[in-house]
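Here are my comments on the strand pairing and helix packing, set out as numbered points. Please read them alongside the model.

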Amino acid sequence: MSGGEVMRRITEHIWVETEYEGANVGFILTQRGVICVESPMSPPDAKEWASRIKSISDLPVIYLINTDHHFDHSIGNCFLGGRIVMHEACLEGLREVREGFREMFKHFFERRYEEVKEELEEVRVLDPEITFSERLTLRLGGVTVEVVHVGGHCPATCYVYVPEEKVLFTGDLVTEGQHPYMGEANFGEWMKGLRAMMELEVDHLVPGHGEVTDKSAIEKLIRFFQLMERKAKEGDGDIEELYGFYPVRPERREVVREWIRDGLERMRGELR
């Protein structure tokens, strides 16, 4: 899905795109160059996104931040340039992505896979040039970009915060209008991270998936996990209330049910 026509400038220095299949993407324009957050997962979208960035500024991409290593966030990195920034825990996961991204793409986005499978041969899964453990701060031309490790969604998950612009890129810690993927979840870490993000001053929240929103999306996800925790403690295996918490596209009904059942079982394991 090409999303270029609805690329949004949400603040003086930040543009976002929420219509590509896969993770949301954005970029931060500084006096020294462009900082990208995530990359589109399909080669046509990644190339278009690179072109869109160039239409805004002739400055080069100098950093590319991934909030985690998952294929829908990272396999388009090779088309954008810049020094890749990831949490150190991404390295092991990237090896799995390198070996299996085609199968991952087909499993989660089968309809789009048939369209782009030949172009996927161009993908080169790149290791980060910069890794960190807890927090990394970039200061470029009056713009501060904070990359903060949280975990929760997966061991490497981070958020990206631009305090001067009051913009928060949550990665997959938050989704808007759809269920979160919980296949690697640590719910204790996830809830701690959500509450930490609630303390930030935020005018624009860019979720991992879904439309740009505000901190109400964090509050809703906290309520979702609280409901899940109550069901886990009570041994309640009925997932319908959880299933109905967010809208579900018809073609994703079964996969979302699978996510919820898996998440509920993971929650029970943590509580034990």
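1. In this predicted model, strand E5 and strand E6 (residues 83-87) pair in the parallel sense, with three bridges between them. Within this pairing, Tyr-63 stands opposite Arg-83 in E6.

2. Strand E5, which spans residues 61-65, is mostly covered, since five of its five residues count as buried. E5 also pairs with strand E4 (residues 34-37), again in the parallel sense and over four bridges, and here Ile-35 is the residue that stands opposite Tyr-63. Between these two strands the chain passes from E4 through helix H1 (residues 43-56) to E5, forming a β-α-β crossover that is right-handed.

3. A separate point concerns the open sheet of five strands, whose order is E8-E9-E10-E11-E12 and whose pairing is mixed. Strand E8 (135-140) and strand E12 (204-209) each have a single partner strand and stand at the edges, so one side of each is left without a neighbour in the sheet. On average, and with direction ignored, neighbouring strands of this sheet are turned by 20 degrees against each other.

4. At the E8 edge, the pairing with strand E9 (residues 143-149) is antiparallel and consists of six bridges, and Leu-138 stands opposite Val-145 in E9.

5. Two helices deserve attention with respect to this sheet. Helix H5 (residues 187-198) packs on the sheet and touches strand E10 (158-162) and strand E11 (167-175), with its direction at about 155 degrees to that of E11. Helix H6 (residues 216-234), by comparison, lies across E11 and E12 and runs at about 25 degrees to E11.

Technical notes. Residues are numbered from 1 along each chain as its sequence is written. This is a predicted model: local features need pLDDT of at least 70, side-chain atom pairs count only at pLDDT 80 or more; totals for chains, interfaces and linings use all residues. Side-chain values use heavy atoms; hydrogens and water are left out. Buried means under 20% relative accessible area, exposed over 50%, partly exposed in between (1.4 Å probe, protein chains only). Two strands pair if DSSP finds at least two bridges between them. A crossover is right-handed if, with the strands pointing away from the viewer, the path from the first strand over the helix to the second runs clockwise. Axes are lines fitted to C-alpha atoms, for helices over the stretch in contact, and angles run from 0 to 180 degrees between N-to-C directions. Contact means heavy atoms within 4.5 Å.
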